[in-house]
Amino acid sequence: MRLINSKDHYGLISILLHWSVALLTIGLFFLGIWMVDLGYYDDWYYQAPWWHKGLGFIVFLLVVLRWIWRPIAGKPKAISSSPVWQQLAAKVVHQLMNLAIVLLAITGYLIVTAKGESLGIFDWFSIPAISKLSVETSDLVSKMHLWSGYFIISLASFHALAALKHHFINKDATLRRMLNF
């Protein structure tokens with residue numbers, strides 16, 4: 001079991017970071033869509049946002065850890081059968097997904113702190129508000145948060161379909177090296 005990436009495979013840490021971010025992001029998207037329709041007397045009215053904020057912060061930290069980890073662990077070489085344009089497209093999609101998560105974290109923080117209240121993370125600690133937002137600005141930030149969520153789910157779906165295409169049609173190691181360590 002290798003922790004660090006090799007020339008042909010991702011290591012355990014890279015794999016865990018990748019799949020943790022992926023699964024948590026998908027879960028947060030559906031939790032966010034579900035929780036906005038909860039009524040005041042719903043049992044999850046307060047619990048769902050509590051989970052959404054805490055897990056959202058963890059995803060943000062995991063993305064930052066991935067950025068720190070990548071130069072340390074190195075990166076497997078590109079699959080030789082993949083055209084250069086596909087390798088470039090994969091890099092662009094990965095960076096856009098990471099940037100979308102950062103945008104989701106920033107807009108989520110701004111939504112929660114719009115009235116000047118701090119952002120509580122799982123009752124562990126709070127991140128203070130840096131300013132208050134007007135209703136109009138808060139509405140704009142909320143829309144940015146929602147559309148960033150749709151954007152990242154769209155990119156992640158494209159990413160997953162590309163990985164499945166590589167696995168089942170191209171029959172190359174693209175998917176296997178993110179599953180086997």
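## A quick tour: patch, rings and a buried serine

Start by selecting Leu88: with 55% relative accessibility, Leu88 counts as exposed (exposed is over 50% relative accessible area, buried under 20%, partly exposed in between, using a 1.4 Å probe and protein chains only). Before going on, note that this is a predicted model, where local features need pLDDT of at least 70, side-chain atom pairs count only at pLDDT 80 or more, and totals for chains, interfaces and linings use all residues. Numbering runs from 1 along each chain as its sequence is written, and side-chain values use heavy atoms, leaving out hydrogens and water.

Leu88 sits in helix α3 (helices are DSSP runs of H or I, at least four residues, numbered from the N terminus). Now add Trp67, Val92, Leu96, Leu99 and Phe151: together with Leu88 they make a nonpolar surface patch of about 540 Å². Patch members have over 30% relative accessible area and no salt bridge (a Lys or Arg side-chain nitrogen within 4 Å of an Asp or Glu carboxyl oxygen), with nonpolar side chains joined within 5 Å and like charges within 9 Å. Helix α3 (residues 84–112) gives the most, four residues.

Next, pick Ser14 in helix α1 (residues 12–35). Ser14 is buried, at 10% relative accessibility. Leaving aside residues up to four places away in sequence, Ser14 touches Asn5, Trp69 and Ala73 (contact means heavy atoms within 4.5 Å).

Stay on helix α1 and grab Phe29, which counts as buried at 14% relative accessibility. Tyr150, at 34%, is partly exposed.

Definitions and conventions. Helices (H or I, at least four residues) and strands (E, at least two) are DSSP runs, numbered from the N terminus. Accessible areas come from the Shrake-Rupley method with a 1.4 Å probe; for residues, only the protein chains shown count as cover.
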